[in-house]
Amino acid sequence: MAKAARVVPFNQLGRGDVGLVGGKNASLGEMAGKLAEAGVRVPDGFATTADAYWELLDHNGLRAVLDEQLARLAAGAPLAEVGAAIRAAVLTAELPAPLAAEIGEAYARLGRDAGRVDPEVAVRSSATAEDLPEASFAGQQETFLNVRGLPALLDACRRCYASLFTDRAIDYRARMGFDHLSVALSVGVQLMVRSDLAGAGVMFTLDTESGFPDVVMVSAAWGLGETVVSGQVDPDEYTVFKPTLDKPDLDPVIHVRLGGKKRKAVYGEEGLTRTVDTTDAERRARVLRDDEVRALAGWAVAVERHYGTPMDLEWAKDGVTGEISIVQARPETVQANRRSALLARYTLTERGTPLVTGSAVGEAVGRGPVRVLDAPVDLDAFPSGAVLVTSITDPDWEPIMKRASAIVTDHGGRTSHAAIVSRELGVPAVVGTGDATRVLTEGRDVTVSCAEGDQGRVYPGLLAYEESHIDLSELPETRTKVMLNLADPAAAMRWWRLPADGVGLARLEFIVAHHVRAHPMALLHPERLEAEDRARLDALTEGYADRAEYFVDRLAQGVARIAASRWPDPVIVRTSDFKTNEYARLLGGRPFEPVENNPMIGWRGASRYYAEGYREGFALECRALRRVRDEMGLTNVVVMIPFCRTLTEADRVLDVMAEEGLRRGANGLRVMVMAEIPSNIVLAREFAKRFDGFSVGSNDLTQLTLGADRDSEALAEVFDERDPAVTRSIASLIGDAHEAGRTVGLCGQRPSDDPAFTEFLVRSGIDSVSVAPDSFAAVKRHVAEAERRL
């Protein structure tokens, strides 16, 4: 514990001093003193103490003012009126002479140590009850950047003291049960990092939406960090995989998303800051290199390990020195306090065409009438349950935000003020829509859905949805593995709490269609495209000198996010299985695809991989998978080949894979094959010599065994996975595969819909079933019951 004083240097503080200087300043002191050996860089500074705050109150007789005004609030006076009165009283108060003198001495010493007179500093508020494990007071008090000179510093300190009584802070303390008069305020004064000439942002030591603990999420924008925190910009986002972070030969940066970054905060001409437009080059460029992202993530993990809890940190890069520093750290409270064993599931039961889209915050659904605001209003003017639509939010909005059924903003990313507060309140939010305030009209009923992956959607009308809760601790253990079918990398991490045995089917087609969005052969041979498609391809791949690298990079990042979400359990990735008509619909696809009368049994799956018309495209798929396994270190990825008709075809595909660096057995690589053609069943023993296991594709197997088009309404009664011809084929495959020492799984919808079919699979000795995440709990129980009966 630091000695009681008015002003204390950071290097004399530690995390035990929250009562003296608040959580923010205690954390800065703790990092400065305890984490320097781990390489964590913290700008020098000092903090005023709680004693200084109480001295300010007593020197100006402010305790009586606080008592009087808070009594008025308790009696029903408007919050805005009470807050304004208290802040006015503090702003007109005189700083005690000893306090002003000690601040001046500490500021002069800071300048001498930095070799500068009147150095620019950041002045931040730190409440003595903030950043506790059970509550977060982040953003409720003021921060002032680029403060220079003692008069400006003393004025900023006074404003920080007044901000202890913002409307949001008063309301939050009341809700959390904190006594207003037992909370003091410390002011942190820290050397400015010249991030106005570089960039800044925030990072979390978990996924902020799902609570997935094995990643560090780094957000970055040009200029000072206030634009990221306040939600004024859509920042870059970098995802770093913790388990490979300490392995220098592996690349732990598994996903990069470039944000719009249309504005940045820089130094003002006469102090403080101003916001300006970024250049086109800045908007297209990454703020951080991979090595910088990796260094930041390493620091974040070191801080998390030191504190023993997930952390929320702010960082800044100096544009003069190139050095990166941590400027704030606090415990993350939203996901850390969520009951890990209880999984809420929201599912829209009807759909529409979205009016606007943006980044989804949370995983819930909210409905209500639109209320478009450009500034906070009295609570009486905002009906409870309305959908708040605004450009951006700041701390003054919180009393309104907690009344909203959902929040929609034009600007901001997943670490903006709106995102942070909506998570804390449990209110779904769609941020960074760009034009919600223009498109969504006042009073219109809408449904805000954050239950469909990382893209949030606002639909017209009050759509129906279902809410269910699964207590994961009550799910039974099973001998048969129950795995997940996943396709969307953006939604993969939301399911990490499910006690699944891995991913039984990850489809490349979804990643190609939604994250790559171009035909691989078009990227390799743009000369065969019409001018319009070539221009669209150029726009899509902007920033990549090599279009092939664009495909590999996007595909690898998509696979990596899915693989990371289940590490170290196996993630079975099926190589592309588009039909020719589906491939043709990709950007630039038409010149490379024949027109087939029956694409379902045409040029698809394995037959493409060695053929002249797609061999180069498959090579890009192999490069992406090799990057995930060998460069990113996600060796839990298992490759699965679809629609492999003959043994000769199997040999040719495996040869191509080996030529592209994916040799079965190398670096533990397992290669499986889909069992969806009768030939796979008849020749199971021979296929087992070439592959490490089988996965039954029950839809195609039923279709080809019975000769019934699975999409034909006229044959709906004929198409039945329970037909003896199909079930005997599956049972035969399991027997032959087990005899050869190979595993068999099934990925399909039938076990979700039919407990009797699940029992048949268990009775036949299936090794695993793979189902959609929302069916997992039901299928797990069905499997357990079948095993009990057997």
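**Notebook: a helix and two cores**

Today I opened a predicted model, and I began at a small turn in the backbone: just after helix H5, Gly115 takes a positive phi of about 75°.

Next I went back along the helix itself. H5 runs over residues 97-114, which makes 18 residues. I looked up its reach from the first C-alpha to the last and found 26 Å, close to the 26 Å expected at 1.5 Å a residue.

Then I asked myself: which residues of H5 are buried? My list reads Leu99, Ala100, Ile103, Gly104, Ala106, Tyr107, Leu110 and Gly111. They sit on the same side of H5, because they cover an arc of only 170° around the axis. I turned the helix over to check the face away from that buried side, and there I noted the exposed residues Ala97, Arg112 and Asp113.

After that I moved on to the largest nonpolar core, which has 103 residues. Which members touch the most others? I wrote down Leu634, Ile641, Met657, Phe694 and Ile730. Helix H18, residues 547-566, gives the most to this core, with 11 residues. I also saw that the core draws at least three residues from each of domain 2 (195-336) and domain 4 (475-789).

I picked Ile730 for a closer look. Setting aside its neighbours within four places in sequence, I found Ile730 in contact with Val696, Leu701, Leu746, Phe757, Phe760 and Leu761.

My last entry is for another core, which lies apart from the largest one and has 45 residues. Leu110 is among them, along with Val147, Ala162 and Leu185. I was pleased to meet Leu110 again, since I had already listed it as buried in H5.

Technical notes: Residues numbered from 1 in each chain as written. Predicted model: local features only at pLDDT ≥ 70, side-chain atom pairs only at ≥ 80, totals over all residues. Heavy atoms only, no water. Core = buried A, V, L, I, M, F, W, Y, C linked by side-chain atoms within 4.5 Å. Buried < 20%, exposed > 50% of the residue type's maximum accessible area, 1.4 Å probe, protein only. Helix = DSSP H or I, 4+ residues; strand = E, 2+ residues; numbered from the N terminus. Domains from an automatic or database assignment. Contact = heavy atoms within 4.5 Å. Expected span 1.5 Å × (residues − 1). Arc of directions from axis to C-beta.
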